[in-house]
Amino acid sequence: MKINVGNSIFQKTVATIVCAGVLASAFAVSASATKNFSCFTSECWRKADIASHPRLVKNVALQSAQGEISHFRDFRGSVLVVNFMYTHCATICNNLGAVSSQLATRLASEIKQGKVKVISISFDPTRDDVANMQAYIKRLDHSQGLWQVARPSPASANTIIKRDFGIVVIKNDFGGFDHNAALHIVDKAGYLVSILEFVNLNEVEKNVRRLL
């Protein structure tokens, strides 16, 4: 029986090249999807995406815990530290509020000069009225009013929360919500430039001061 050795070697070579190409393509896709293998969760990807592609925060109206109406464009010229919460949350939102109060205390001088604002924004604006926002502040604030709490109108909540900041909010089995818990830094031009862990206030403060 005659065996075509040359043809067999050629077929194996082609198969090897094709296999290598498939592996290289899979590697490239995986690297892209995981930010060069540094991200394997949606939250990590969200942070990495904002770090490489700062996002302009659209102008929406906010009502403060004092009942005053302002707009995001009014904050231009100040560095913002923003987190998202709902006032009847009994767990992580209390931590976010306490951390925001601590950060506002650290940045007291800059806040009084109008250079910085620390704001917690409710993603449950229908229930989080002025009275509930005030109660939330009273329970957690030790900054003597430097930390702000506000809510968007129900109509504009999705714009700022989901589209601009990329917050994911999911109803849980306990009548509350599961959601991203982080501190978002917006620069003086109104761009969301970084998303940081709320447990590391030193890093957050350093990033804020770098933008002043």
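The following exchange asks how several descriptions of this predicted model are justified.

User: What is the basis for the values, and what does the secondary structure of the protein come to?

Analyst: This is a predicted model, in which local features need pLDDT of at least 70 and side-chain atom pairs count only at pLDDT 80 or more, whereas totals for chains, interfaces and linings use all residues. Residues are numbered from 1 along each chain as its sequence is written, and side-chain values use heavy atoms, with hydrogens and water left out. The secondary structure comes to seven helices and 10 strands, where helices (H or I, at least four residues) and strands (E, at least two) are DSSP runs numbered from the N terminus. Of the 212 residues, 45% count as buried.

User: Why is glutamine 63 called buried or exposed?

Analyst: Buried means under 20% relative accessible area, exposed over 50%, and partly exposed in between, with a 1.4 Å probe and protein chains only. Glutamine 63 has 18% relative accessibility and therefore counts as buried. Its place is in strand S2 (residues 61–64), and, leaving aside residues up to four places away in sequence, glutamine 63 touches Glu68, Ile69, Val130, Met133, Val149, Ala150 and Arg151, a contact being heavy atoms within 4.5 Å.

User: How do you know on which side of H7 the buried residues lie?

Analyst: In helix H7 (residues 201–210) the buried residues are Leu201, Val204, Glu205, Asn207 and Val208. Because they cover an arc of only 165 degrees around the axis, they lie on the same side of H7; the arc is that of the directions from the helix axis to the C-beta atoms. The face turned away from this buried side carries the exposed residues Asn202, Lys206 and Arg210. Among the elements that cover the buried residues of H7 are helix H3 (92–106), strand S4 (79–85) and strand S9 (183–186).

User: What puts the buried residues of H6 on the same side, and what do they pack against?

Analyst: In helix H6 (residues 157–164), Ala157, Ile160, Ile161 and Asp164 are buried. Their arc around the axis is only 145 degrees, which puts them on the same side of H6. These buried residues pack against strand S1 (55–56), S4, S5, strand S6 (147–152) and S10.

User: Why is H3 called oblique to H7?

Analyst: The axes of H3 and H7 come within 11 Å and cross at roughly 45 degrees, the axes being lines fitted to C-alpha atoms, for helices over the stretch in contact, with angles from 0 to 180 degrees between N-to-C directions. Angles under 35 degrees count as roughly parallel, over 145 as roughly antiparallel, 65 to 115 as roughly perpendicular and the rest as oblique. The crossing angle therefore makes H3 oblique to H7. In this contact Val99, Gln102, Leu103 and Arg106 in H3 meet Leu201, Asn202, Val204, Glu205 and Arg209 in H7.

User: What makes H3 and H5 roughly perpendicular?

Analyst: The axes of H3 and helix H5 (residues 130–140) come within 9 Å and cross at roughly 65 degrees, and the two helices are therefore roughly perpendicular to each other. Cys93, Asn94, Gly97, Ala98 and Ser101 in H3 meet Tyr136, Arg139 and Leu140 in H5. By class, this contact has four nonpolar, three polar and one charged residues, where Ala, Val, Leu, Ile, Met, Phe, Trp, Tyr, Cys and Pro count as nonpolar, Asp, Glu, Lys and Arg as charged, and the others, Gly among them, as polar.
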